Amino acid sequence: MKREPVSPASVNIILPLALILGLVLLLSLNAEPSHTEAISSSPLESWLKLIVGYLAAGTEIAAAVVIGSAVIQGIFAYIRQLFSRSRQSFNATESIRLKLGRVLVLGLEFTVASDILRTAVAPTRQDILNLGAIVLLRTLLNYFLEAEIKQAEQSRLQQSEFDDK
């Protein structure tokens, strides 16, 4: 029995829908009332939580620095493009947008890493459900950003091939 390959168009529809359904499912599980139980933790676990908390905060700071610096660079590049005498404003604006999109994807990866770090030490069921919902949501954002970047790069490449002819 020979399997037919899945078309990219159907993957572009099925994957986001599956992620959205997973997010809805996790959020519905998350809606249950939480029962916080007092669990005694060892001193080692307390230290580990403290260290991992600092690592997670450092990761969030790294994400903010990466995204913030890209936004500032994008603003300066856009202002430079506004005052340039060049008439390639659409290509320059698209280039700035693509660079910012790539950095946003990287920033999202940092924030996902931070959430994973926060949940790494002695997670409760509620912590795992929250992490799953957050990771799914950020994965959805990441997926759509990457799809838009890829589409814009392909159209840019086709445009440059068209201009060369």
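## Position of T111

T111 is a residue of helix α3. In this predicted model, the relative accessibility of T111 is 19%, so the residue counts as buried, the cut-off being under 20%. Apart from neighbours within four places in sequence, T111 has contacts with A63 and R138.

## L100 in helix α3

Helix α3 spans residues 89-120 and also contains L100. L100 has a relative accessibility of 30% and therefore counts as partly exposed. When neighbours within four places in sequence are set aside, L100 is in contact with A70 and V71. The C-alpha atom of L100 lies 8.9 Å from that of Q73, a residue 27 places away along the chain.

## Overall architecture

The protein has four helices and zero strands. Read from the N terminus, the order of elements is α-α-α-α. Of the contacts between residues at least 6 apart in sequence, 85% join residues at least 24 apart.

The chain has 165 residues, of which 21% count as buried. Its accessible surface is about 12400 Å², and carbon and sulfur atoms contribute 66% of that area.

## Salt bridges

Six salt bridges are found in the whole structure. One of them pairs R118 with E60, with the closest N and O atoms 3.1 Å apart. R118 belongs to helix α3 and E60 to helix α2, so this salt bridge ties together parts that are 58 residues apart in sequence. Both partners are partly exposed: R118 has a relative accessible area of 43%, and E60 has one of 34%.

A salt bridge also links E94 with R97, where the closest N and O atoms are 3.2 Å apart. These two residues both lie in helix α3, three residues apart, which is about one turn of the helix. E94 counts as buried at 16% relative accessibility, whereas R97 is partly exposed, with a relative accessible area of 38%. R97 further meets E148 in a salt bridge with an N to O distance of 2.3 Å. Because E148 lies in helix α4 (residues 125-164) and R97 in helix α3, this pair ties together parts that are 51 residues apart in sequence. E148 counts as partly exposed at 38% relative accessibility. Through shared partners, E94, R97 and E148 are joined into one network of salt bridges.

## Aromatic pair

The count of aromatic pairs in the model is one. The pair is formed by Y143 and F144, with a centre-to-centre distance of 5.4 Å and 75 degrees between the planes. Planes over 60 degrees apart count as edge-to-face, and the Y143 and F144 pair is therefore assigned to that class. The two residues are assigned to separate accessibility classes: Y143 counts as buried at 18% relative accessibility, while F144 counts as partly exposed at 42%.

## Nonpolar surface patch

V71, I72, I75, F76, Y78, I79, L82 and F83 make a nonpolar surface patch of about 800 Å². One of these residues, I75, is placed in helix α2, which covers residues 43-83. I75 has a relative accessibility of 46% and counts as partly exposed. Patch residues must have over 30% relative accessible area, and the value of 46% for I75 therefore meets that requirement. V71, a member of the patch, is also one of the residues in contact with L100.

Definitions and conventions: Residues numbered from 1 in each chain as written. Predicted model: local features only at pLDDT ≥ 70, side-chain atom pairs only at ≥ 80, totals over all residues. Heavy atoms only, no water. Buried < 20%, exposed > 50% of the residue type's maximum accessible area, 1.4 Å probe, protein only. Contact = heavy atoms within 4.5 Å. Areas by Shrake-Rupley, 256 points an atom, 1.4 Å probe, with all protein chains shown as cover. Patch = residues over 30% accessible without salt bridge, like charges linked within 9 Å, V, L, I, M, F, W, Y side chains within 5 Å. Salt bridge = Lys/Arg side-chain N within 4 Å of Asp/Glu carboxyl O. Phe/Tyr/Trp six-rings, centres within 6.5 Å; stacked < 30°, edge-to-face > 60°.
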